[in-house]
Amino acid sequence: MSGPVQLTPVALGQGVGAAFSTRLGGVSAPPWDELNLAYHVDDDWDRAFANRHLLAAAIGQPFLRCCYVHQVHGDAVVSVAEHHVGTVKTRGGRRDGDAMVTRAVGAPLVIMVADCVPVLLADPEARVVAGVHAGRKGVQADIVGKAVAVMREAGATDISAAIGPSVCPGCYEVPGAMAAEVDAAVPGTAARTRTGTPSLDLAAGVASQLAAAGVRRVARDGRCTVESPELFSHRRDGVTGRFAGVVWLEP
């Protein structure tokens with residue numbers, strides 16, 4: 001390990017902890033160096049497991065209460081009850097889902113990304129938090145709006161959000177037909193790369209969906225994953241690791 005785990009803290013209100021991790025401070029070797037949190041990217045399993053421990057220690061929360069789901073680029077929102085805290089499991093393995101919502105205290109929701117948009121949500125008064133993985137398919141399916149709806153069912157009324165680092169439209173070239181399809185579902189996501197080819201602005205799409213869902217306080221980490229060497233980027237590197245957005249309720 002080359003140094004301590006480096007996090008970018010996020011302010012989502014009193015009694016809520018939140019942060020975005022980087023690739024710095026873990027034990028994985030290239031091309032997953034250093035703080036890769038994912039098991040599914042062909043990194044050594046023990047190193048990724050150690051990195052998850054390091055992340056938990058860095059945020060001051062128990063490793064065994066950190067919550068992960070099997071992210072599948074869908075629109076399923078998993079409600080994490082106190083008796084499901086930790087890696088959210090079914091009989092056959094981890095639950096499929098691309099968002100988690102909880103009222104459990106000290107149960108960090110960990111959303112892994114490497115170009116997709118990590119979104120952290122909280123209502124400090126109602127004591128409800130959520131983490132969302134919003135890739136192209138998730139944005140198109142409004143996974144963010146669905147997570148907000150589940151938060152409201154759990155009692156949330158005044159939600160704040162943080163949009164994390166993701167691939168910027170200048171770097172996210174896609175076929176023209178794909179850009180048009182996503183823009184038809186989420187107006188404002190179609191964009192252009194720096195060379196003028198079709199692209200997508202997923203973070204802008206997420207921002208518009210948050211506004212449509214009534215979330216008025218939205219902070220944004222504008223770093224582009226492709227352009228920021230301290231972050232993992234699948235588009236830039238191909239085989240690589242995953243960093244995370246993490247949110248939890250303090251006691």
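Six strands make up an open sheet in this predicted model, and their order is S3-S6-S9-S8-S10-S13. The pairing in this sheet is mixed. Which strands sit at the edges? Strand S3, residues 77-80, and strand S13, residues 217-220, pair on one side only. From one strand to the next, the twist averages 15°.

Take one pair from that sheet. Strand S8, residues 117-123, and strand S9, residues 128-134, run antiparallel and are joined by seven bridges. To find the pair on screen, look for Val117, which stands opposite Ala134 in S9.

Next, the helices on this sheet. Helix H3, residues 143-153, lies across S3, S6 (99-102), S8 and S9. Its direction is at about 165° to S9. Helix H5, residues 202-212, packs on the sheet as well, where it touches S8, S9, S10 (160-163) and S13. The direction of H5 makes about 25° with that of S8.

Now the other sheet. Four strands form an open sheet in the order S1-S2-S14-S7, with antiparallel pairing. Why is one side of S1 and of S7 left without a neighbour in the sheet? Strand S1, residues 7-9, and S7 stand at the edges and each has a single partner strand, so there is nothing in the sheet on the other side. Neighbouring strands here are turned by 20° against each other on average, if direction is ignored.

Inside this sheet, S2 (residues 16-21) and S14 (residues 243-249) run antiparallel, with five bridges between them. Phe20 stands opposite Gly245 in S14.

That leaves the pockets. The largest pocket holds about 580 Å³ of space. It is lined by 25 residues, and the closest to its centre are His73, Cys116, His133, His234 and Arg242. Which elements supply at least two residues each to this lining? They are strand S7 (109-113), helix H2 (136-140) and helix H6 (234-237). So S7 has come up twice: it is an edge strand of the four-stranded sheet, and it contributes to the lining of the largest pocket. By class, that lining has eleven nonpolar, seven polar and seven charged residues.

The second largest pocket has about 210 Å³ of space. Twelve residues line it, and Tyr39, Phe49, Arg52, Phe63 and Thr87 are the closest to its centre. Helix H1, residues 45-59, gives the largest share of this lining, three residues. The classes here are seven nonpolar, two polar and three charged.

How values were computed
Residues numbered from 1 in each chain as written. Predicted model: local features only at pLDDT ≥ 70, side-chain atom pairs only at ≥ 80, totals over all residues. Heavy atoms only, no water. 1 Å grid on protein atoms, 1.4 Å probe; cavity = no way out; pocket = protein on both sides within 12 Å on 5 of 7 lines; lining within 4 Å. Points joined across faces, edges and corners; volume = space filled by probe spheres on them. Nonpolar A, V, L, I, M, F, W, Y, C, P; charged D, E, K, R; others polar. Pairing = 2+ DSSP bridges. Axes fitted to C-alpha atoms, helices over the stretch in contact; angles between N-to-C directions. Contact = heavy atoms within 4.5 Å.
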